[in-house]
Amino acid sequence: MSALWSILCHLATLSCIWGACRAQYEYLGYPAPAEEHYTPPQIPADVPKILLRLAGEKRKHNEGRVEVFYDGQWGTVCDDDFNIHAAQVVCRELGYVEAVSWAPASKYGKGEGRIWFDNVHCRGKEKTLAQCESNGIGVSDCKHSEDVGVVCSDKRIPGFRFLNPLANNIDHMTIQVEDVRIRPVLSSSRKRIPVTEGYMEVKDGGKWKQVCDVEWSSMNSRVICGMFGFPGERRYNTRIYRMFASRRTHTYWDYSVNCTGTEAHLSSCKLGHLLSPSANSSCSQGIPVVVSCIPGRAFAPTHMANYRKAFRQEQPLVRLRGGGVVGEGRVEVLKNGEWGTICDDHWSLVAATVVCRELGFGTAKEALSGGRLGQGMGPVHMNEVQCSGFEKSVTECQFNMDKDSEGCSHEEDAGVRCNVPAMGFQQQLRLSGGRNPFEGRVEVLMERNGSLVWGTVCGDSWGTMEAMVVCRQLGLGFASSAFQETWYWPGTVTADNVVMSGVHCAGTEMSLSHCLHHGEHLRCPRGGARYAAGVSCSETAPDLVLNPQVVEQTTYLEDRQMFMLQCAYEENCLASTSGSTPANSYRRLLRFSSQIHNNGQADFRPKASRESWVWHDCHRHYHSMEVFTYYDLLSLNGSKVAEGHKASFCLEDSECDEGIEKRYECANFGEQGITVSCWDTYRHDIDCQWVDITDVKPGDYLFQIVINPNYEVAESDYTNNVVKCRTRYDGHRIWMYNCHIGGSVSGETEELFPGLLSNQVTHR
């Protein structure tokens, strides 16, 4: 294993050197050098000289209120007659490839000062906003409630060169460069994955340049580290770098950098002073800026990892749920022992960055709103969150305590997408032969006989959890299907040999190599090629959640004669002792209703095709999933006391949220599934919607329901697929109380339910 890690490290180092570390920074959205070549615009002398910046309450660094610097002061642009062509001119002038959209009516907050442009008419080809037709600079009848904003693409213009037409008036000008990188220069830094230390360099005019450290501050380093997925900066050995710098010739950028430390991206920092002409050769009394970053725990290789596991980790206060890739998800916070969500009112990039840093990632790429990563359950704990940017936890930020959740629903759940370190995992895996980039045969890069070779993964025991890891590793979201045969996908001929077998994943790993698998001694009886593992990925996934209150409120006991249970007996819905029960004797049934919601972003569809659905006489319809739920009654130590059964279901939309149309119905061999924002209710009076407790003695028990227990269908979150209840049975009556979704309460509360799993449904 150490030899493999050494080879991978050398491979990653060489690829960084050959490709200017291009792969490390692709996740920021910066493009590799392309055919397009940037030519600095030639602006006529009679056109007013202006500067632009994006300001206001941002949710991404490449969006914001359009602000114009003219005549010594910053002002805004009115939304009258503004359109996508004008937005295109603004984004191109700021160095972005194109505009995505624009927003009227001060979406990013009201600006201050003059409104410099009104009734702007652009064709989209102008070199500067000042060339577009308007009422004239400074002529406007608008208010700041009409300030316009834009959303630009993530990608920067290749070869973009920052040109400042107002060299003596650059106060509060934001930084505009083509690219940014941390370039490792010491041999010890080059071997590290991820790269955490090196020269901070900017790409301006197609050339990489160092930044002089004379006016550099720790706040600048904090922002740079955050961009590359690290929660903070640290000190480094300056003496070594001074010695190194004295032996090299450097090309310095013309400007210094001025960040406050709360920015999510360098492009939100202010431009510092224009350096003297001699700075380009000597940087006066300084050296190139060196940035050294602290990686989060998940990205920090350490020999102390096993030692840490010997101690119980402190209960986290914040977590992410429902994200398709590492570092993204719906934000959930722990309050009063119960997990809940954050309302997206006033949700900003600053608050999202606090969440990301708290969880060991870098700054936020995007602050998500509107439940875009699925809707949570339980309370809405925080609303109108306002952070300074230096809090250790989002729970320390100010929020509206008078109405935590008033006026908010889970349709407004806030989420984040965080910057994460470049670990090189995507270069160790690929999909081959598929019809599109989201599907194909899985091929991995492994060491064999001292060299790295591409090969396939054995399809035996390959399932949804393994496919989930592959899709996450490639940044493709969730797995929609896992395939144990891929003969219909002609993969790379030279990669037919099996190089990995016995793969078993928990589903949370960042790389397939982190999953359990056979070592050098592979075991794959059917071989690779046509029996190699494959996946199909999707950017969205369903998320089933069972309503615990419905279970608690509908529970009761029924004594039913055996002759009335013949159909249920044939479908194995009764305990095994029922086989010797006379027809006129009774069975005691613990009945309850199940209301299963789809809170995800995609419809829940059964894995089986229609022709394989099974007709059930008891329910008089087809069941599309033979094992959809587990019902179990357990002792307080977690052992089964009643023979729970595996319930099969017909999936349909019983009810939906307002404005959502039902799509699935069991009757007449109809299509089956659960639509997003709908739920399927299996009433307590339906056959097999019970647990047979005839042989159970009076006492205190634990009741557990698990949905989709075999992971047959991929979901965005499996941790909420279990409902747990405390149960008391006195021989005549039964009480169900403290019902809750698994993982919805604190660790201390979960300990009151011994023997039950809190963070995963089951072990396979």
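Which hand does the link of C225 and C293 have, left or right? In this predicted model, the link of C225 and C293 is left-handed, with -85° about the S-S bond.

**Disulfides**

A disulfide is a covalent bond between the sulfur atoms of two cysteines. Searching the whole structure gives 14 disulfides. Three of the disulfides, among them the C225 and C293 pair, are set out here.

| Pair | S to S distance | Torsion about the S-S bond | Hand |
|---|---|---|---|
| C91 and C152 | 2.0 Å | -85° | left-handed |
| C225 and C293 | 2.1 Å | -85° | left-handed |
| C656 and C678 | 2.0 Å | about 100° | right-handed |

The C225 and C293 pair ties together parts that are 68 residues apart in sequence, because C225 lies in helix α5 and C293 in strand β13 (residues 290-294). Both C225 and C293 are buried.

The bond between C91 and C152 also links distant parts of the chain: C91 sits in helix α3 (residues 84-93) and C152 in strand β6 (residues 149-152), 61 residues apart. C91 and C152 are both buried.

For C656 and C678, the torsion about the S-S bond is about 100°, so this disulfide is right-handed. C656 belongs to strand β35 and C678 to strand β36, with the two positions 22 residues apart in the sense that they are 22 residues apart. Burial holds for both C656 and C678.

**The sheet containing β35 and β36**

Strands β35 and β36 belong to an open sheet of four strands, ordered β26-β29-β36-β35 with antiparallel pairing. At its edges stand β26 (544-546) and β35 (655-656); each has a single partner strand, so one side of each is left without a neighbour in the sheet. Strands of a sheet pair through backbone hydrogen bonds, either parallel or antiparallel. β35 pairs with β36 (residues 678-682) in the antiparallel sense over two bridges, and W679 in β36 is the bridge partner of E655. The two strands are thus described by both their bridges and the disulfide of C656 and C678.

**Helix α9 and its surroundings**

Helix α9 (residues 349-358) is mostly covered, with eight of its 10 residues buried. The buried residues are L349, A351, A352, T353, V354, V355, C356 and R357. What covers them includes α5 (218-227), the helix in which C225 lies. The cover also includes the strands β10 (232-233), β14 (318-321), β15 (328-335), β17 (364-368) and β19 (415-418). Just after α9, G360 takes a positive phi of about 90°.

Definitions and conventions: Residues are numbered from 1 along each chain as its sequence is written. This is a predicted model: local features need pLDDT of at least 70, side-chain atom pairs count only at pLDDT 80 or more; totals for chains, interfaces and linings use all residues. Side-chain values use heavy atoms; hydrogens and water are left out. Buried means under 20% relative accessible area, exposed over 50%, partly exposed in between (1.4 Å probe, protein chains only). Contact means heavy atoms within 4.5 Å. Two strands pair if DSSP finds at least two bridges between them. A disulfide is a pair of cysteine sulfur atoms within 2.5 Å.
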